[in-house]
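The following exercises are to be worked with the sequence and the coordinates at hand. Each task is followed by a solution in steps.

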Amino acid sequence: MRTRGAGLSISIPLIAAIVIGVLFFACSKQTKPSPPTNKQSPVIHAFLNNILQDWEGQKDFSAEFEKLTGTKLQITQPPHQNYMERVFLSLSSDMVPDIIEVLPEYLPRLIQTGTIIPLDSFISKSSNLQSVDSRFLDPLRNPDGQLYAFPARDGGGCITYIRQDWLDNLGLPIPETWAELVRVMEAFTFDDPDGNGINDSYGYTDVAAASQDWYNRLIFGEGRVEIYWDEPEGRWVDGLTRPATQAALIRLKELYDRGIIDPAIPTNTTYAARTKFINGQAGIFTYWANHWARNLQDRTEAASSPAARILPLPAPRGVRYIRRIPPVLVISAAATDPAFVFEHMIDRQYDKGPVQTLFTLGVKGIHWDLKDGRISFLPNPLDPFQADYTKAYVPPGSQINDWELPLELDPLVGKALEIFRRNPSEDRQKWGGEFFSQYHQEIEQVLKPDIMSSYLAGDRDLTEAMELYRREAARLYLDEILNELNGS
Ligand SMILES: [Ca+2]
């Protein structure tokens, strides 16, 4: 997950500058990782995004890792909102990490600059990794067939969640069509769905005028905002200007103008939108179909109402949920013993035993325990909602090998995953060249949200907004990016 908005527009030139630095210096840079010695445990420095945070017992995780593998794990976990910016800063520092979790759209840039190394020889020698399903690896092979990245988990995707208790309060059925959805959004806005006598809720909230298509599915339907692989046409196309997306933008604007969706959608970060749903300020929200189903239920129950019931919504007609390419683990070219890093941080994660249990559930007695012979998660004493832990690094149900979970999957998580898997649309890894590496993020993360926000706010009509978009996208080499992706 990544948030967009003003912060990122500052970071893009910064990232570009840093990458140019990395491009020139990566080859000569010789830094850190301590080699194994007899006296001290060897150290692996990992940059991780989705690992347990400090207040969730990250130190216990690292201590258990050292106990199981004899290796110290030094984790750096920058804030989620500017994670990739911090990754690039670290790559230009003299403390280059050995292993880094990155978003897959940055792989072409990391490979082009010689920042990361291929993993094929390590994978082929591993026995643990024979149990990994190749459908998770194949999409990550670069056009030459090499693997520079290992999937951190099943990428999964988002589904829509709805307040079942609000539907019940208002006597409304589960919406299955667009017309029914709009009726529910109206009622969630105007009919006091939580019965507190105050006009304090909207039908729907979302992340900032989403150019990340896995969040916006409910309203965009067949339309895509991003550059995407069009299966019938067999080529990469730009989603924003296509007819289905134009129709979706008109739908979104109607809801916005009628005041039945969160008016702050143009500026919402993922955190802001999620918090509004949890606080009961909006009754429909699209988010991750994994342990987040449980997190949303527990937190909404604590923050909004003890009667809150979150329902994973079966995909309404015309809606398909996107299976994204997952975040990946890459090994830096600066790692002095990459085979050692690979063995301890990737290979052993798939041992279908204690290390995989650690990466999935966390530490026994801290994050989970046996109760009546069954494994269950423990409450986190520092959680503001008194909620249970839900994962360590890989959410239960998102493992990519044939390991059988040692605990029963939470039924709510199971239901969310089932709905997601019933209506999939598979994303493809983008292998672009120089233009892609330089300009793709700016088009997707800055230009498109700006254009869509200006249309939603009424600063421009749709025709004017699209004319401006075409001009600005041409200036950012959109055609060249598409040519690179299409290999033409
Ligand atoms: Ca109310």
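**Exercise 1. Classify Lys125 by its surroundings and locate it in the fold.**

Solution. The model is a predicted one. Step 1: count the other C-beta atoms within 10 Å of Lys125; there are 12. Step 2: apply the cut-off, under which a residue with 12 or fewer such neighbours is exposed. Lys125 is therefore exposed. Step 3: assign the secondary structure; Lys125 belongs to helix H5, which covers residues 120-125. Step 4: look for a partner distant in sequence. Asp347 is 222 residues away from Lys125 along the chain, and the two C-alpha atoms are separated by 9.9 Å.

**Exercise 2. Decide how the overall dimensions of the protein chain compare with the globule rule.**

Solution. Step 1: list the secondary structure, which amounts to 18 helices and 14 strands. Step 2: compare the radius of gyration, 23 Å, with the value from the globule rule for 488 residues, also 23 Å; the chain is therefore as compact as a globular protein of that length. Step 3: describe the extent along the principal axes. The C-alpha atoms occupy a box of roughly 70 × 60 × 35 Å. Step 4: consider burial and contact range. Of the 488 residues, 48% count as buried. Among contacts with a separation of 6 or more, 76% come from residues 24 or more positions apart.

**Exercise 3. State which segments make up each domain and describe the contact between domain 1 and domain 2.**

Solution. Step 1: read the domain assignment. Domain 1 comprises 6-154 + 327-395, and domain 2 comprises 158-323 + 446-457. Step 2: take the C-alpha centres of the two domains, which lie 31 Å apart. Step 3: count the contacting residues; 10 residues of domain 1 meet 10 residues of domain 2. Step 4: sort the domain 1 side by class, which yields 5 nonpolar, 4 polar and 1 charged residues.

**Exercise 4. Determine the strand order of the sheet of 5 strands and explain what marks its edges.**

Solution. Step 1: trace the pairings. The sheet is open, its order is E2-E1-E3-E11-E4, and its pairing is mixed. Step 2: identify the edges. Strand E2 (72-76) and strand E4 (150-151) each have a single partner strand, so one side of each lacks a neighbour in the sheet. Step 3: examine one pair in detail. Strand E1 (residues 43-47) runs parallel to E2, and 5 bridges join the two. Within this pair, His45 faces Gln74 in E2. Step 4: assess the enclosure of E1. Because 4 of its 5 residues are buried, E1 is largely enclosed by the rest of the structure. Step 5: find the covering helix. Helix H13 (residues 338-345) lies across E1, strand E3 (99-102) and strand E11 (328-331), at about 70 degrees to E1.

**Exercise 5. Describe the sheet of 3 strands and the helix that lies across it.**

Solution. Step 1: establish the order, E8-E5-E9, in an open sheet with antiparallel pairing. Step 2: name the edge strands, E8 (284-288) and E9 (310-312), each of which pairs on one side only. Step 3: state the twist, which averages 35 degrees from one strand to the next. Step 4: inspect one pair. Strand E5 (residues 158-163) is joined to E9 over 3 bridges in the antiparallel sense, and Tyr161 is opposite Pro312 in E9. Step 5: add helix H12 (residues 292-303), which lies across E5, E8 and E9 and runs at about 160 degrees to E9.

**Exercise 6. Establish how far helix H14 is covered and what its buried residues pack against.**

Solution. Step 1: count the burial in H14 (residues 354-361); 7 of its 8 residues are buried. Among them are Val355, Leu358 and Phe359. Step 2: identify the packing partners of these buried residues, namely helix H2 (58-69) and strand E12 (368-371). Step 3: examine the end of the helix. Just after H14, Gly362 adopts a positive phi of about 100 degrees.

**Exercise 7. Locate Lys352 and Tyr477 and report the phi angle of each.**

Solution. Step 1: recall that most residues other than glycine have a negative phi. Step 2: Lys352 has a positive phi of about 50 degrees and is found in the loop between H13 and H14. Lys352 has 15 C-beta neighbours inside 10 Å and therefore counts as partly exposed. Step 3: Tyr477 has a positive phi of about 60 degrees and lies in the loop between helix H17 (462-475) and helix H18 (478-485). With 19 C-beta neighbours inside 10 Å, Tyr477 counts as partly exposed.

Technical notes
Residues numbered from 1 in each chain as written. Predicted model: local features only at pLDDT ≥ 70, side-chain atom pairs only at ≥ 80, totals over all residues. Buried ≥ 20, exposed ≤ 12 C-beta atoms within 10 Å, placed from the backbone. Pairing = 2+ DSSP bridges. Axes fitted to C-alpha atoms, helices over the stretch in contact; angles between N-to-C directions. Contact = placed C-beta atoms within 7 Å. Domains from an automatic or database assignment. Nonpolar A, V, L, I, M, F, W, Y, C, P; charged D, E, K, R; others polar. Rg over C-alpha atoms; globule rule 2.2 N^0.38 Å.
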